Amino acid sequence: MNGWRGASPTARLLLVAVLLTGLTTFMFLPLLAIELTAQGIPAGRIGFLVGLLAFSSQAFSLLSGLLVDRLGPRRVMAAGFLLRIAGYVLLGLGGAGRPAPLVAGIVAVGVGGSMLGLSTKTLLVSQEGSDPRTMLALRSTFVNIGVVVGPALGALVYPLGFRYILAACVLSHLVLGIGLVSGRTAAAVPGRTAAKATGPGAGPDAGPGAAPDATAGRPGEVTRWTLLRHWAPLAALGVAYWAIYSQLNVLLPIAANELTGSTAAISVVFTANGLLVVLFQYTLLSRVFRRATARTLLALGFLAFACAYAVLIPLAGWYSLLAFVLPVTLAEMLIGPSLDEQAVNAAALRRTGLALGTMSAAGALGSLLGSSLGGQLLQATRGGSRAWVLLVGCSLAAAAICLLLPKVRTRHA
């Protein structure tokens, strides 16, 4: 991986942190509901607790971005590690008879994860010698290694006891926190941010969402129209992406079972999806589409979404399901990092954290809308192809919205 070899020591350490925190998170996350059930907690309360974990992470993302910009990523990262360690300890102390530490632990893990995610991502896209697209592609690859390998490790350790998994989470976060926060590796955002200050839109009055080409006529001034022109479609695309992507957790598991008659079918989809991302994410963004603008990649990604859901319309059993995997994975690989890249390239001086936090907040809204509307759609359509036709239409509409974004070419090192 040339991107890894060319990355700075700081970037490599951050990517290792992404990998290890991802591994331990996905050791813990899939088994949380099973462990709570084993403790005798009712199913309704388990659903609330699992939802609270996701909500705590996503709802805090905008504030996390503001904190990264105001306090610096090093301090926010330290707070994130401390919160997560405290959260895992509280989860070990909680249980059916002790709900207070259980709820507090879940909230601490969620909020800490939000702070860790945004601080590491901000540092990665700000590394000297590497462009944001390369760092975001590598980060996505390392996250998906955790997604693929973490549940398998968790299944191996779980027979020994859930607390061993929590102990692994605490130990990994403690070691990584000391390594990243105590040294100079997590220093505040380096050269790239400074370089932005000399470019258009980086004057003292530049707003948090100023596009790099926004103030070519009058340096230092960012109009409301400039901000609206860039951020309204970008936020809408963030909501649309996660609303469409969330159907992999809402509509697809049920449809996969109906199409194939196998409850293992959805596991095949997710495993193949994770492996493809790990193998091809970096090459796709850093080599195949290296010169393409983020706007182009977003449009191609939503068109891939349309193709993915279109192949489900014939309801052709395993053939439809397996044909679905490749285009939906392509959409994921193109859209996720490109949304962050477009946001980073549009952000004004010292507003990278806010820009990334805004996209995370849009994703939280999209996931909530997608999950709610997906359930309603499932009830209304009662099987058949109408749900897939509607998702194809939504994907095509999102691809059209991409054309409203200004052309912002990535900064290649």
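## Val277 in helix 12

Val277 is a buried residue, with a relative accessible area of 0%, and its place in this predicted model is in helix 12, which covers residues 265-288. Leaving aside neighbours within four places in sequence, Val277 is in contact with Ser140, Thr141 and Asn144, and also with Thr329, Glu332 and Met333. For one of these partners, Glu332, a C-alpha separation is available: the C-alpha atoms of Val277 and Glu332 are separated by 8.3 Å, although the two residues lie 55 residues apart along the chain.

## The protein as a whole

The protein has 16 helices and zero strands. Of its 413 residues, 51% are buried. Among the contacts with a separation of 6 or more, 82% are accounted for by residues 24 or more positions apart, and the contact between Val277 and Glu332 joins residues that are 55 residues apart along the chain.

## Helix 3 and its buried face

Helix 3, made up of residues 43-59, has 17 residues and reaches 24 Å from its first C-alpha to its last, which is close to the 24 Å expected at 1.5 Å a residue. The buried residues in this helix are Ile46, Leu49, Leu52, Leu53 and Ser56. Seen down the axis of helix 3, these buried residues fall within an arc of 115°, so they line one face of the helix.

That buried set packs against two other helices, namely helix 2 (9-38) and helix 6 (99-125). On the other side of helix 3, by contrast, Ala43, Gly44, Phe48 and Phe55 are exposed.

## Helix 13 against helix 14

Helix 13 (residues 294-310) and helix 14 (residues 318-346) pack with their axes 8 Å apart and at an angle of about 155°. Since angles over 145 degrees count as roughly antiparallel, that makes helix 13 roughly antiparallel to helix 14, and the crossing of the two helices is left-handed. Residues of helix 13 that take part in the contact include Ala294, Leu297, Leu298, Phe302 and Phe305, while those of helix 14 include Phe324, Leu330, Leu334, Ser338 and Gln342.

Helix 13 itself has 17 residues and reaches 24 Å between its first and last C-alpha, close to the 24 Å expected at 1.5 Å a residue. This helix is mostly covered, with 12 of its 17 residues buried; among them are Arg295, Ala299, Gly301, Ala304, Ala306, Ala308 and Tyr309.

## Ser338 within the contact

One residue of helix 14 that can be followed individually is Ser338, which is buried, with a relative accessible area of 1%. When residues up to four places away in sequence are not counted, Ser338 touches Ala294, Leu297 and Leu298, and these three residues are listed among the buried residues of helix 13.

## Helix 11 against helix 14

Helix 14 also meets helix 11 (residues 251-260): the axes of these two helices come within 8 Å and cross at roughly 140°. Helix 11 and helix 14 are therefore oblique to each other. From helix 11, the residues in contact are Leu252, Ala256, Leu259 and Thr260, which meet Trp318, Leu321 and Phe324 of helix 14. Phe324 is also listed among the residues of helix 14 that meet helix 13.

Definitions and conventions: Residues numbered from 1 in each chain as written. Predicted model: local features only at pLDDT ≥ 70, side-chain atom pairs only at ≥ 80, totals over all residues. Heavy atoms only, no water. Helix = DSSP H or I, 4+ residues; strand = E, 2+ residues; numbered from the N terminus. Expected span 1.5 Å × (residues − 1). Buried < 20%, exposed > 50% of the residue type's maximum accessible area, 1.4 Å probe, protein only. Arc of directions from axis to C-beta. Contact = heavy atoms within 4.5 Å. Axes fitted to C-alpha atoms, helices over the stretch in contact; angles between N-to-C directions. Parallel < 35°, antiparallel > 145°, perpendicular 65-115°, else oblique. Left-handed = near helix turned anticlockwise from the far one by under 90°.
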